[in-house]
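Reader: Hello! Could you take me on a close look at the surroundings of the ligand, and then at whatever aromatic packing you can point out?

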Amino acid sequence: MIPESQIRAQLPHTLREIDLPDLGQLYRGKVRDNYGRGDRIVMVTTDRISAFDHVLGTIPFKGEVLSRLTLFWFDKVKDIAPTHLLDSPDPSVMVVKKAKALPVEIVIRGYITGSLWRDYQAEKAGAYGIEWPRGLRKDQRFDEAIITPSTKAEYGKHDEPISEKEILAQRLVTPEVWREATQVAKRLFARGQEWASSRGLILVDTKYEMGIADGKLTVIDEIHTPDSSRYWVASGYEDRFARGVDQEMLDKENVRQWLIKEHGFSGHGKPPALTDDVRVMLASKYIEVFEKLTGQAFESKVGDVAVRIRQNLKAKGYL
Ligand SMILES: Nc1ncnc2c1ncn2[C@@H]1O[C@H](COP(=O)(O)OP(=O)(O)OP(=O)(O)O)[C@@H](O)[C@H]1O
Ligand SMILES: [Mg+2]
């Protein structure tokens, strides 16, 4: 594990955003700076962190961890469905096929926790059109993974829960594509859970984005990262579940919990500034999950990320 002093030393060098107008039209998401031209997008995963749909600041090495983990997972699942990946000229950059994105995100869950647990407890989990069994406990495993889709809101708006029935009734996705997308999601998630389990982790839930590229249903965006997924440490699960205490989490939930517990912030009003300690804490969780999943040591140089990206893009002929 990279020493904490190195994570701290990276604090002033994180990548907030990058201007690469020569690469095409910019679409700046909460986390990625996407430069699109023709049928490809140069997708730069910055170090920005968002929670409750607010961009809070940056986390050292985060863009690199997310991008490298997505590459790792794309390789692990390439027999299940095509992915949008074309090239990765820098550890924080993927060049991808532009897809026509489905207007829904496919969230799939192996356990009841997080927002679903809060909604279930408050008897507000009806929007998914699922008959929830009674008497579930926080962090309990489902017998079978459950898909709880959400709409893909435009920039600045919140994604909303939606049922399969509504997706089809509103013709957001055709029945054929929906059937294929949910089957692919189940297979991806099973593969992810199996691998995570072999590495001492639980892949709790995750979110997939899919689109149509070259006429085929394609996995786009990121997969199985600690931004888009929950990961728990497997060894303590049963004991913690039995005692009713929170699981050991290696994902973005750590910063959500900090926001809620230290600042009472859960999305309304102005978010608090992240302290350097919480930035370092989250970076070390992300690096830990990277190392556990890949079995590789995370090595990266302290230094300006934007400078490195420009150098790599030049060397590979993109700039
Ligand atoms: N292959 C692709 N083709 C088209 N769009 C894609 C592709 N892969 C990812 N995207 C889109 O690019 C954007 C990636 O940026 P980012 O992850 O920062 O966005 P976000 O904050 O999650 O979402 P939002 O777009 O709501 O801000 C997302 O809107 C995602 O849906
Ligand atoms: Mg995203």
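Author: Happy to! Strand E2 (32–37), strand E3 (40–45) and strand E7 (93–97) are a good place to begin, since each supplies at least two residues of the shell around ligand 1. Please keep in mind that this is a predicted model.

The shell also draws on two domains: at least three of its residues come from domain 1 (4–99 + 276–315), and at least three from domain 2 (101–243). Around ligand 1 there are 18 residues, and Tyr27, Lys30, Val31, Arg32 and Glu209 come nearest. Sorted by class, the shell around ligand 1 holds 8 nonpolar, 3 polar and 7 charged residues.

Now for the polar contacts. With Lys30, a backbone N or O atom lies 2.7 Å from an oxygen atom of ligand 1. Arg32 also uses its backbone, placing an N or O atom 2.6 Å from an oxygen atom of ligand 1. Glu209 takes part through its side chain, where a polar atom lies 2.5 Å from an oxygen atom of ligand 1. As for how covered the ligand is, ligand 1 taken alone exposes 610 Å², and the protein buries 89% of that.

On to the aromatic packing you asked about. The count comes to 12 aromatic pairs. One pair to zoom in on is Phe61 with Phe298: their ring centres are 5.7 Å apart and their planes meet at 70°, and since planes over 60 degrees apart count as edge-to-face, this pair is edge-to-face. Phe61 sits in the loop between strand E5 (54–58) and helix H2 (62–76), while Phe298 sits in the loop between helix H8 (276–294) and helix H9 (305–315), so the pair ties together parts that are 237 residues apart in sequence. Both Phe61 and Phe298 are buried. Elsewhere, Tyr111, Trp232, Tyr237 and Phe241 make up one aromatic cluster.

For a last stop, try Ile130, in the loop between helix H3 (114–121) and strand E10 (141–147). Ile130 has a relative accessible area of 25%, so it is partly exposed; the buried class would require a value under 20%. If you would like a long distance to check in your viewer, take Ile130 and Pro12: they are 118 residues apart along the chain, and their C-alpha atoms are separated by 46 Å.

Key: Residues are numbered from 1 along each chain as its sequence is written. Chains are lettered from A and ligands numbered from 1 in the order in which they are written. This is a predicted model: local features need pLDDT of at least 70, side-chain atom pairs count only at pLDDT 80 or more; totals for chains, interfaces and linings use all residues. Side-chain values use heavy atoms; hydrogens and water are left out. A residue is near a molecule or strand if one of its heavy atoms lies within 4 Å of it. A polar contact is a pair of N or O atoms within 3.5 Å; within protein, one must be able to donate a hydrogen and the other to accept it, and residues adjacent in sequence count only if both atoms are side-chain atoms. Accessible areas come from the Shrake-Rupley method with a 1.4 Å probe; for residues, only the protein chains shown count as cover. Helices (H or I, at least four residues) and strands (E, at least two) are DSSP runs, numbered from the N terminus. Ala, Val, Leu, Ile, Met, Phe, Trp, Tyr, Cys and Pro count as nonpolar, Asp, Glu, Lys and Arg as charged, and the others, Gly among them, as polar. Domain bounds come from an automatic or database domain assignment. Rings of Phe, Tyr and Trp (its six-membered ring) pair if their centres lie within 6.5 Å; planes under 30 degrees apart count as stacked, over 60 as edge-to-face and the rest as tilted. Buried means under 20% relative accessible area, exposed over 50%, partly exposed in between (1.4 Å probe, protein chains only).
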